[in-house]
Amino acid sequence: MSIFDLRIETERLILRPPQRQDYAPYLAFCADEEVMRTLGGVQAPSVAWRGFCSLAGAWQLFGFSMFSVIEKSSGEWIGRMGPWQPQDWPGTEVGWSIRRASWGRGYAPEAAIAAIDWAFDTLGWDEVIHTIAEDNENSKVVARKLGSTLLRMGQLPPPYEGKPLEIWGQSREQWQQRRSPL
């Protein structure tokens, strides 16, 4: 199966590698001040283009990256979610970012569960982390819903260094214990 055929479905969402038609909503996402507040700030279209191409290119080169998250009921792109490990990253991350119009619907934990399952089962990761800005209470709520805990303080590599952040996460064993039926 080609990476371009990869499709993970949840009750309400589809996770798949980014496609060209995802660029316009991604661009709007990167221009939203509230969405980007804890993601480094609003991005100029030229910077957002590089980020989008980075996500798509990582799929081709490394076989994984963040998924585009598509709402089944509307067919709309609503965010990015999934495995992420750029050069010098503090660990094997499953991260999430949902457009503001879709906040509060439980999409982040729903998609993250599917992405974490995929990262452990397909990529063979032993740990999943989530890098969360200290003031990002919404992401901490999502992390707790996933069963993750605060592991340590850390920071991202250049050009994002200098701002401490919290590293949440859990091991494969902890995830599997929580996911196993009793």
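## Close-up views of a predicted model

**View 1. The surroundings of Trp96 in the predicted model.** Once its neighbours within four places in sequence are set aside, Trp96 is in contact with Arg80, Met81, Ala108, Ala112, His130, Ile132, Ser139, Val142, Ala143 and Leu146. One of these partners, Ser139, lies in helix H5. Ser139 has a relative accessible area of 11%, and because values under 20% count as buried, this serine is classed as buried. With residues up to four places away in sequence left out of the count, Ser139 touches Trp96 and Ile132.

**View 2. The largest nonpolar core and a second, separate one.** The largest nonpolar core comprises 31 residues, and those with the most contacts inside it are Leu15, Phe67, Met81 and Trp96. At least two residues of this core come from each of strand S2 (13–16), strand S3 (67–71), strand S4 (77–84), strand S5 (93–98), helix H4 (107–121), strand S6 (127–133) and helix H5 (137–145). Helix H4 gives the most to this core, contributing 10 residues. A second core, separate from the largest one, is made up of 18 residues, among them Cys30, Trp89, Ile129 and Leu165.

**View 3. Strand S3 and its pairing with S2.** Strand S3 is largely enclosed by the rest of the structure, because 5 of its 5 residues are buried. Both faces of S3 are covered, with Phe67, Val69 and Glu71 buried on one side and Ser68 and Ile70 buried on the other. Strands S2 and S3 pair in the antiparallel sense over 4 bridges, and Leu15 stands opposite Val69 in S3. Leu15 is also one of the residues with the most contacts inside the largest nonpolar core, while Val69 belongs to the face of S3 that holds Phe67 and Glu71.

**View 4. The hairpin of S3 and S4, and the pairing of S4 with S5.** Strands S3 and S4 pair in the antiparallel sense over 4 bridges. Trp77 in S4 is the bridge partner of Ile70, and Phe67 stands opposite Met81 in S4. Phe67 and Met81 are both listed among the residues with the most contacts inside the largest nonpolar core. The hairpin has 5 residues between its strands, and in it Gly75 takes a positive phi near 75°. Strand S4 is mostly covered, with 8 of its 8 residues buried. Strands S4 and S5 likewise pair in the antiparallel sense, here over 6 bridges, and Gly82 stands opposite Gly95 in S5.

**View 5. The packing of helices H4 and H6.** Helix H4 and helix H6 (residues 172–179) pack at an angle of about 125°, with their axes 11 Å apart. That angle makes H4 oblique to H6, and the crossing of the two helices is left-handed. The contact is made by Ile113, Ile116, Asp117 and Phe120 on the H4 side and by Arg172, Trp175 and Arg179 on the H6 side. Helix H4, seen here against H6, is also the element that gives the most residues to the largest nonpolar core.

Conventions
Residues are numbered from 1 along each chain as its sequence is written. This is a predicted model: local features need pLDDT of at least 70, side-chain atom pairs count only at pLDDT 80 or more; totals for chains, interfaces and linings use all residues. Side-chain values use heavy atoms; hydrogens and water are left out. A nonpolar core is a set of buried Ala, Val, Leu, Ile, Met, Phe, Trp, Tyr and Cys residues joined through side-chain atoms within 4.5 Å. Buried means under 20% relative accessible area, exposed over 50%, partly exposed in between (1.4 Å probe, protein chains only). Contact means heavy atoms within 4.5 Å. Two strands pair if DSSP finds at least two bridges between them. Axes are lines fitted to C-alpha atoms, for helices over the stretch in contact, and angles run from 0 to 180 degrees between N-to-C directions. Angles under 35 degrees count as roughly parallel, over 145 as roughly antiparallel, 65 to 115 as roughly perpendicular and the rest as oblique. A crossing is left-handed if the near helix is turned anticlockwise from the far one by less than a right angle, and right-handed if clockwise.
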